[in-house]
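Here are a few exercises to work through with the model open beside you. Try each task before reading its solution.

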Amino acid sequence: MPETMTARAPQMPAFDYQPRPYTGPGREEVLAARRQYTNPAVFTLYREPLMIVEGRMQYLFDETGRRYLDLFAGIVTVSCGHCHPKVTARMREQLETLQHATTIYLHPNMARLAEQLASKMPPGLDVTYFVNSGSEANDLAVTLARLYTGNTDVIAVRNGYHGGSPSSMGLTSHHTWKLPVLQGPYVHHALCPEPYRSGLGGSPEEIATAGAADIAELIRYSTPGRIAGFIAEPIQGVGGVTSAAPNYFREAYRIVREHGGLCIADEVQTGFGRTGEHYWGFQNFDVVPDIVTMAKGFGNGAPLAAVTTRREIAEVLAQRLHFNTFGGNPVSTAAGLAVMDVIEEEGLQRNAKVIGRRLKDGLERLAAVHPIVGDVRGMGLMLGVELVTDRQAGTPASAETLEVLEAAREMGVLLGKGGLAGNVLRIKPPMCITADDVDFALDVLDRAFARVEA
Ligand SMILES: Cc1ncc(COP(=O)(O)O)c(C=O)c1O
């Protein structure tokens with residue numbers, strides 16, 4: 001058992017920052033207005049919805065000034081830290097200079113950011129189109145693949161999440177996120193090659209090979225034999241931090257290319273150093289995609305997303321007028337430039353690797369003593385803990401997962417939840433998190449698991 005897990009109450013690491021006194025409307029008033037005036041589909045996480053009014057680096061503050069350690073980063077979006085001073089300063093400066101003019105005029109930010117992205121990509125992936133959200137980026141990636149190849153069918157992977165726009169909803173593969181409406185057509189979902197829940201059997205490498213072979217079968221049985229592309233997250237995020245053995249992407253990309261398709265890496269969660277070892281998630285699997293989509297952590301909270309590809313692929317969009325009002329917006333691109341600088345200057349990718357390792361080791365120690373933990377997985381600061389009521393049967397502990405979330409919140413730690421059955425803790429904090437934060441979080445999780453096991 002980790003030595004931090006003594007009987008004393010878990011102590012959050014000290015943090016030299018005083019939140020501003022909150023003077024806005026109370027939680028009940030906000031909740032009532034939200035219930036009355038906002039779409040009921042906009043859900044909140046906790047039994048008693050939490051109101052967050054301030055954030056600083058890896059911490060969030062509620063309206064009473066209570067501090068929480070944020071292990072979910074606004075759903076994997078706050079990469080550098082909440083209100084990171086450098087990112088905020090660059091955005092503020094831009095906001096006070098020029099907020100918006102559109103791409104019909106030149107502005108240095110968009111051009112510089114596209115150049116910065118090219119410097120981080122494998123050679124050839126050096127043309128970027130800016131949009132505002134991950135869904136939009138994936139919509140555009142599929143459009144590019146269809147236009148470039150002249151084919152229509154797209155293969156996505158079961159258990160993947162690629163967005164909620166009508167088109168990207170078709171790529172998404174969870175009934176829980178799909179509405180019964182017409183959505184992205186000509187999409188086929190290949191078997192999910194992650195080993196924990198795979199029904200495929202065999203070693204992780206054999207499961208990966210079977211998963212890739214299923215792409216070939218889908219192409220044979222469900223398409224004209226030629227496809228536009230294949231889209232996949234290097235590590236599935238919403239799906240519960242699931243990934244395949246390293247041979248999967250190599251084999252999948254080969255099959256896709258043999259059938260005329262382009263390979264699209266959805267880096268919306270895995271990009272910008274989060275997986276620790278590499279800047280992009282796909283680099284962990286030794287493949288080079290044809291199109292890369294990104295969002296979330298790119299803007300540290302600013303609405304910024306992009307599609308990077310090769311010039312000849314990008315050029316297909318120029319056959320018609322194409323425009324995106326806010327894509328490449330000066331303030332969002334100022335955020336992107338600052339984010340990329342901060343990741344370098346503050347060694348955040350390395351921190352994701354080192355601190356992520358410490359966290360994963362600690363979670364594995366907890367798995368050894370808590371039967372509710374079925375699996376610990378992920379890389380860097382993209383980690384998942386699958387909770388089960390029966391390890392042998394792998395029965396999802398969906399209700400217990402909610403209880404763990406509630407217990408952790410009570411002790412000051414905010415976690416995410418994912419997986420088709422909602423039984424995976426998603427741990428993806430701002431990448432500035434420290435070793436002390438990790439030890440505190442492990443202490444809290446130890447107690448939360450014990451509480452639901454009791
Ligand atoms: C991997 C992935 N792709 C795409 C999206 C969609 O992004 P957005 O919500 O910005 O449209 C998400 C959102 O969670 C995501 O996790």
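**Exercise 1.** In this predicted model, find where Phe-323 lies and decide whether Phe-323 is buried, partly exposed or exposed.

*Solution.* Start with the position: Phe-323 sits in the loop that runs between α9 (311-314) and α10 (330-345). Next, take its relative accessible area, which is 46%. Partly exposed covers the range between under 20% and over 50%, so Phe-323 counts as partly exposed. Finally, look at the neighbours: together with Ile-104 and Tyr-105, Phe-323 makes up a nonpolar surface patch with about 370 Å² of accessible area.

**Exercise 2.** Describe how helices α4 and α10 cross, and list the residues that make the contact.

*Solution.* First find α4, which spans residues 108-120. Its axis and that of α10 come within 9 Å, crossing at roughly 35 degrees. The handedness of this crossing is left-handed. Now collect the contact residues. From α4 they are Asn-109, Met-110, Arg-112, Leu-113, Gln-116, Leu-117 and Lys-120. From α10 they are Pro-330, Thr-333, Ala-334, Gly-336, Leu-337, Met-340, Asp-341 and Glu-344.

**Exercise 3.** Which parts of the chain does the salt bridge between Arg-27 and Glu-48 link, and how do the two partners compare in burial?

*Solution.* Begin with the general idea: side chains of opposite charge can pair when their charged atoms come close. For Arg-27 and Glu-48, the closest N and O atoms are 3.1 Å apart, and the cut-off for a salt bridge is within 4 Å. Arg-27 belongs to helix α1 (residues 27-37), while Glu-48 is in the loop between α1 and β1 (52-56), 21 residues apart. As for burial, Arg-27 is buried at 18% relative accessible area, whereas Glu-48, at 48%, is partly exposed.

**Exercise 4.** Do the same for Arg-197 and Glu-386, then name the network that includes them.

*Solution.* The N to O distance in this salt bridge is 2.6 Å. Arg-197 is in the loop between β6 (187-190) and α7 (204-222), and Glu-386 is in strand β12 (residues 382-390); 189 residues separate them. Arg-197 is partly exposed, with 40% relative accessibility, while Glu-386 is buried at 2%. To finish, widen the view: salt bridges link Arg-197, Asp-375, Arg-377 and Glu-386 in a network. The count for the model comes to 22 salt bridges.

Notes:
Residues are numbered from 1 along each chain as its sequence is written. This is a predicted model: local features need pLDDT of at least 70, side-chain atom pairs count only at pLDDT 80 or more; totals for chains, interfaces and linings use all residues. Side-chain values use heavy atoms; hydrogens and water are left out. Patches are made of residues with over 30% relative accessible area and no salt bridge: like charges are joined within 9 Å, nonpolar side chains (Val, Leu, Ile, Met, Phe, Trp, Tyr) within 5 Å. Accessible areas come from the Shrake-Rupley method with a 1.4 Å probe; for residues, only the protein chains shown count as cover. A salt bridge is a side-chain nitrogen of Lys or Arg within 4 Å of a carboxyl oxygen of Asp or Glu. Helices (H or I, at least four residues) and strands (E, at least two) are DSSP runs, numbered from the N terminus. Buried means under 20% relative accessible area, exposed over 50%, partly exposed in between (1.4 Å probe, protein chains only). Axes are lines fitted to C-alpha atoms, for helices over the stretch in contact, and angles run from 0 to 180 degrees between N-to-C directions. A crossing is left-handed if the near helix is turned anticlockwise from the far one by less than a right angle, and right-handed if clockwise. Contact means heavy atoms within 4.5 Å.
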